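Reader: Could you take me through one part of this model, the place where protein and DNA meet? I would enjoy a close look, told as one connected story.

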Protein chains: 2
Amino acid sequence: MHRQAPTLEDVAREAGVSRATVSRVVNGVRNVDPGIQDLVRSAIERTGYTPNRAARALVTRRTGTVALIVSGAGDAFVGHVFADPFFGRVVNGVVGYLRLHAMQPVLLFAESEAARKQVVDYVRQGSADGALVVSVQPDDPLPDMLLSARVPTVLFARPARTVPVSCVDLDHHAGGRLAAEHLVARGRRRLAVIGAPPDLRAGRERLAGFRAALARAGRDSPPVAEGAFTLDSGARAMAALLRDHPAVDGVFAANDLMAQGACQVLRELGRRIPEDVAVVGFDDADIAVTCRPPLTTVRQPVEDMAAAMARLLGEQVQGTRTEPRTLVFEPELVVRQSA
Amino acid sequence: MHRQAPTLEDVAREAGVSRATVSRVVNGVRNVDPGIQDLVRSAIERTGYTPNRAARALVTRRTGTVALIVSGAGDAFVGHVFADPFFGRVVNGVVGYLRLHAMQPVLLFAESEAARKQVVDYVRQGSADGALVVSVQPDDPLPDMLLSARVPTVLFARPARTVPVSCVDLDHHAGGRLAAEHLVARGRRRLAVIGAPPDLRAGRERLAGFRAALARAGRDSPPVAEGAFTLDSGARAMAALLRDHPAVDGVFAANDLMAQGACQVLRELGRRIPEDVAVVGFDDADIAVTCRPPLTTVRQPVEDMAAAMARLLGEQVQGTRTEPRTLVFEPELVVRQSA
DNA sequence: GTGAAAGCGCTAACAT
DNA sequence: ATGTTAGCGCTTTCAC
């Protein structure tokens, strides 16, 4: 019972002009008589016309949407991606940029070989003008697949192998340094690290930066317990560190979730934070604020990075810039109560 | 320098058949000779053909995407939506259903009058087959706008006014009852409630259910402090309750975030949980598990509800079912350590 | 400055 | 069972 949606044709008839003229008005092309413009505009108003996106996309080969792909391995993957507040921040940053440019993000998950194929097909079908990729896997095949499908692509975080693709990243080394310098300045002498899985470059660099700053301050290299970016793994790592180094008085955790886990263990063992043990996290996630005590942490400007990612993609799609670019952001120390 | 993407025409030429036949094979229509099917399939393989979505959408009037709209009022809105893990769960549920049906969600935010117009236009342009709406505002104009634009729509949570639209919701009353019964069974005698803003129906019903169960158990109606679903507001409400009712030994918070805030205040004031004060939350968010102590809470099956929402929309788009339906889900008590 | 006409890549009658 | 044909609604040369 749908009355057909009005088309350009309908508006043209209503305004007594040709389709071409209406199209020009709708798309803001100059060379249209102001009087006729008004005529057309009121006809659009009267008919309630809205341009059909599919028809437009068919001829312009632009859709006005970009794929926002969360890519990584496995399992209950999709179920847990948004459990990590990190992705929410990415979405916010991307949306913040796109909406100013009348573009929309399509959310895609690429957690398996099959899903990756689907995702690549989706963008190849011209359903999106380009792809923004957030990988949670050290060696993700997706960027290569996208590239060889000639899809404009921008990555969050540099890939393990060098690939000719634009990306935004953080200066993780500087982040580690900030954490070390802060703990040293607070007079902490027996430091320890809750690290990331060693195959993640970001984690390695945070650790390297932390170590380098300590060495510069004349300190020994700290003991490291490996975590997996989860609250639980942070708690376990903290317990292990305390067992082997009971006198520890300062801890650097490679993300806030693990820092929170560490805090829980410390408190349960009766250590005061920061008096007995100072804790520094990484990311400045929401939990850094709500955690008890609130976390001193190295802030990663995720929203800004995500917005930049969208901007880079926009430039690439428009052809404004074609050669790949890497944008590296600076972390910032946020001092709260845990250190 | 883009070599043109291969079209149906190219495949047809390669296979020595007509476009129509290729189309039939691609779309799995029967009445195609098996031999020819193989011929076509290998031609598709050789050319690397992928159907163009815009062209397909133009004729079928189906896009294979649905709008996932987060709607509500104001401010730093977009920046905070994903801070609430609730939306992540909705996304997960929706994606879980859609991917089985080769559909994709487009993420839209409608936080202002202007944004709402944009969003409605977007779907009216035929960019999506329908809309899934999650409102965070008691009296949201968006559903009405969508309906009068004849967009197939399904809501998360019943709207304040009765609107002829499908929706999924929780039996909040039953949820409140579960919380009350549990606290009573645990022998708590002086109960209190950290409630929701009174204009939210869900909050009112949780409270009503809680009260009704208490009345049935012969208890007095509990004191209520109003919160705003945030950690902070929960902490403040708890502080206020303790001030006015220092002997309270059981608390029901209308969501987990407020329950966590309450726990923080209780611990800081030296109350043991659950020995001195038992705390029951609502939702079963991730923080219910990571909170110290882990929260006993009323689980809302958000993922299932979101999946059902997607399914209802699918049926509506296909025309399988046209009259609006309301699906009400049952909450479930999850007992952990806080009560 | 405006209109006529071609065609984007696909599906779906209809004809064979 | 397969091919022919007519559009879907729009943008965009190319004439005028």
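Author: Helix H4(A) gives the most to the surface near DNA strand D, with 5 residues. This is a predicted model, so please read every distance below as computed from predicted coordinates. At least two residues of that surface come from each of H2 and H4 of chain A and H2 and H4 of chain B. There are 29 residues around DNA strand D, and those that come nearest are Leu8(A), Tyr49(A), Arg24(B), Asp33(B) and Arg61(B). Of the atoms of strand D that come within 4 Å of the protein, sugar and phosphate account for 60%.

Some individual contacts make this easier to picture. Tyr49(A), one of the nearest residues, has a side-chain N or O atom 2.5 Å from a phosphate oxygen of DNA strand D. Asn52(A) uses its backbone instead: a polar atom there is 3.1 Å from a phosphate oxygen of strand D. From chain B, the side chain of Asn31(B) places an N or O atom 3.2 Å from a phosphate oxygen of strand D. By class, the surface near strand D divides into 13 nonpolar, 9 polar and 7 charged residues.

Now turn to the other DNA strand. Around DNA strand C there are 29 residues, with Arg24(A), Asp33(A), Arg61(A), Leu8(B) and Tyr49(B) coming nearest. Within 4 Å of the protein, 64% of the atoms of strand C belong to sugar or phosphate, and the rest to bases.

Two of those nearest residues are arginines of chain A, and each has a contact worth finding on your screen. In Arg24(A), a side-chain N or O atom is 2.5 Å from a base oxygen of DNA strand C. In Arg61(A), a polar side-chain atom lies 2.3 Å from a phosphate oxygen of strand C. A base of strand C is also approached from chain B, where a backbone N or O atom of Ala55(B) lies 3.4 Å from a base nitrogen. The elements that give two or more residues to the surface near strand C are helix H2 (19-26) and H4 of chain A, together with H2 and H4 of chain B. H4(B) supplies the largest share of the surface near strand C, 5 residues. That surface has 13 nonpolar, 9 polar and 7 charged residues.

Two of these names return when you look at the protein's own empty space. The second largest pocket holds about 1700 Å³ of space. It is lined by 47 residues, and the closest to its centre are Arg61(A), Arg124(A), Gln125(A), Gly126(A) and Ala5(B). Arg61(A) is therefore a residue to keep in view, as it is also among those that come nearest to DNA strand C.

Which elements give two or more residues to the lining of this pocket? From chain A they are helix H4 (53-60), helix H7 (113-127), helix H8 (142-148) and helix H14 (302-318), and from chain B helix H2 (19-26) and helix H4 (53-60). H4(B) gives the most to the lining, with 5 residues, and H4(B) also provides the largest share of the surface near strand C. Sorted by class, the pocket lining has 21 nonpolar, 18 polar and 8 charged residues.

Methods: Residues numbered from 1 in each chain as written. Chains lettered and ligands numbered in written order. Predicted model: local features only at pLDDT ≥ 70, side-chain atom pairs only at ≥ 80, totals over all residues. Heavy atoms only, no water. 1 Å grid on protein atoms, 1.4 Å probe; cavity = no way out; pocket = protein on both sides within 12 Å on 5 of 7 lines; lining within 4 Å. Points joined across faces, edges and corners; volume = space filled by probe spheres on them. Helix = DSSP H or I, 4+ residues; strand = E, 2+ residues; numbered from the N terminus. Nonpolar A, V, L, I, M, F, W, Y, C, P; charged D, E, K, R; others polar. Near = heavy atom within 4 Å. Polar contact = N/O pair within 3.5 Å; in protein donor to acceptor, adjacent residues only side chain to side chain.
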